[in-house]
Amino acid sequence: MTAAPQPAPKHRSASARANTYRSIYPLRILGMGLGLWVICSVLIQTGDLARFGWLALVTLGLWPHLAYLHARTSRNPYRAEVRNLLIDSAIVGLWIPLMHFNLLPSVVLAVITTHDKFGTGIKRLWLYSLPGMAGMALLGTLVLRPEPVLASSLSVIIATLPVIVLHSLAVSFTSYRLIRTVARQNKELKALRQRDAQTGLFARAHWQEQAQAVLEGARRSDRPAWLLMIDIDHFKPINDVHGHTVGDEAIRVVGEVIRESVRDRDCAGRYGGDEFAVVCADTDEAHAHAIAQRIRERIEALRLAELPELRLTSSIGMARASHSHMTLRDWLNAADAALYRAKHEGRNQVASVFGALDGGELQRPY
Ligand SMILES: Nc1nc2c(ncn2[C@@H]2O[C@H](COP(=O)(O)OP(=O)(O)OP(=O)(O)O)[C@@H](O)[C@H]2O)c(=O)[nH]1
């Protein structure tokens with residue numbers, strides 16, 4: 001009985017595992033203390049207090065401290081604590097015949113002790129604890145040959161109730177905390193999955209979901225929405241000449257520029273490699289073009305701290321959502337065609353599906 005210990009999942013750090021015995025120590029004192037209380041009430045009922053009271057004190061009162069010392073002084077405290085947990089079960093097993101198989105406390109103590117093994121999260125510990133418990137119960141039975149006293153007196157019932165109540169509360173509290181932790185971690189994981197680690201922009205899958213929603217909204221409402229595909233010019237030579245660390249840094253700062261150049265309601269993502277994408281819902285052509293130009297100019301003005309002589313430029317293709325775009329892929333293809341054109345026309349410029357927009361006349365793509 002260790003009063004619902006905290007789980008010890010595999011991914012816990014080595015030091016946290018090594019310190020398992022510290023967190024179990026107070027729980028074991030509480031659990032064994034309550035067990036001592038129950039067992040003494042049974043010994044009073046069966047008239048064995050004078051005969052076995054000392055054994056109860058040693059196995060339940062003293063044991064938590066011995067277990068703690070054993071784990072603390074062990075070269076492998078975690079393993080020592082696992083052994084301690086198995087000894088907990090063996091102790092309870094021994095007490096079953098000593099309590100003359102008194103039904104209520106025997107079942108409660110055996111079930112709680114086994115349940116606590118599940119609570120540690122240690123694989124199959126509950127199973128490994130059973131032979132020790134059963135073995136000690138058998139040994140006690142063979143040596144002492146106790147007369148079964150199955151019925152519990154009122155004092156035994158009263159002594160057992162706090163064990164049941166406190167243990168249930170501890171288990172509920174632990175489960176509650178566990179559920180809260182899992183929910184929080186799921187949320188963090190989801191947020192992490194949504195972001196590209198290198199640039200902090202939305203990751204491709206999440207960006208695509210958002211872009212899909214914008215496309216559907218634009219098709220429904222006939223409100224203008226624009227997709228901007230941004231590609232760093234001649235990025236491969238940057239990697240080849242200056243190395244991937246510089247390439248990575250360039251991608252990071254370009255991502256930062258894009259994030260700072262769009263409005264809060266725009267959705268900017270890293271599409272892959274040196275390619276980025278932005279969707280602007282409810283945005284007319286002039287505004288979308290202004291955003292694209294701002295991104296292009298800021299990328300051109302970028303200087304890397306470790307390589308200030310490096311010049312970065314980008315090409316940007318724009319496409320307005322239209323009813324002919326049945327899928328996001330269609331919309332992306334349109335923006336890609338514009339990007340291809342911007343590259344073809346000499347790079348470092350913004351183009352729409354039908355013409356270069358940079359500096360010259362805006363040509364409507366429809
Ligand atoms: N350092 C670094 N390189 C990357 C990363 N992702 C993709 N790349 C490289 O980026 C390069 C992209 O090259 P391309 O877009 O095909 O061509 P480019 O040299 O940019 O030429 P244009 O696009 O035609 O101007 C490839 O060599 C990729 O290996 C990354 O996260 N870090």
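Visitor: Which helix gives the most to the shell around the ligand?

Guide: Helix H10 does, with 4 residues. This is a predicted model, and H10 spans residues 244–261.

Visitor: Which elements each supply at least two residues of that shell?

Guide: Strand E1, helix H9 (235–242) and helix H10 each do so. The ligand is surrounded by 14 residues, and the closest are Phe 235, Lys 236, His 244, Gly 247 and Gly 273.

Visitor: How do the residues of the shell divide into nonpolar, polar and charged?

Guide: There are 3 nonpolar, 5 polar and 6 charged residues in the shell around the ligand.

Visitor: Staying with H10, is Val 254 buried or exposed?

Guide: To read burial, count the other C-beta atoms within 10 Å of the residue's own; 20 or more make the residue buried. Val 254, which is found in helix H10, counts as buried because it has 24 C-beta neighbours inside 10 Å.

Visitor: Which residues does Val 254 touch, not counting those up to four places away in sequence?

Guide: With those set aside, Val 254 touches Ile 232, Ile 299 and Leu 312. Sequence distance and spatial distance should be read separately. Val 254 and Glu 300 are 46 residues apart in sequence, while their C-alpha atoms are 9.8 Å apart in space. For the protein chain as a whole, take the contacts with a separation of 6 or more: 70% of them come from residues 24 or more positions apart.

Visitor: How many helices and strands does the protein chain have?

Guide: The protein chain has 12 helices and 5 strands. Of its 366 residues, 40% count as buried.

Visitor: What is the order of the strands in the sheet?

Guide: Read across the sheet, not along the sequence. The order is E2-E3-E1-E4-E5, in an open sheet of 5 strands with mixed pairing. Strand E2 (267–272) and strand E5 (350–352) are the edge strands, each pairing on one side only. On average, neighbouring strands of this sheet are turned by 20° against each other, direction ignored.

Visitor: Which strands run antiparallel, and where does the parallel pairing come in?

Guide: Take the pairs in turn. E2 and strand E3 (residues 275–280) run antiparallel and are joined by 5 bridges; here Gly 269 stands opposite Ala 277 in E3. E1 and E4 also run antiparallel, with 7 bridges between them, and Ile 230 stands opposite Ile 316 in E4. E4 and E5, in turn, run parallel and are joined by 3 bridges. In that pair Met 318 stands opposite Ser 352 in E5. Between these two strands the chain passes through helix H12 (residues 328–344), and this β-α-β crossover is left-handed.

Visitor: Which residues of E4 are buried on one side and which on the other?

Guide: In a regular strand the side chains alternate between the two faces of the sheet. On one side of E4 lie Ser 314, Ile 316, Met 318 and Arg 320, and on the other Ser 315, Gly 317 and Ala 319; all are buried, so both faces of E4 are covered. The count for E4 is 7 of its 7 residues buried.

Visitor: Which strands does helix H11 touch as it packs on the sheet?

Guide: Helix H11 (residues 285–301) touches strand E1 (226–232), E3, strand E4 (314–320) and E5. Its direction makes about 165° with that of E4.

Technical notes
Residues numbered from 1 in each chain as written. Predicted model: local features only at pLDDT ≥ 70, side-chain atom pairs only at ≥ 80, totals over all residues. Pairing = 2+ DSSP bridges. Axes fitted to C-alpha atoms, helices over the stretch in contact; angles between N-to-C directions. Contact = placed C-beta atoms within 7 Å. Buried ≥ 20, exposed ≤ 12 C-beta atoms within 10 Å, placed from the backbone. Right-handed = clockwise from strand over helix to strand, strands pointing away. Near = placed C-beta within 6 Å. Nonpolar A, V, L, I, M, F, W, Y, C, P; charged D, E, K, R; others polar.
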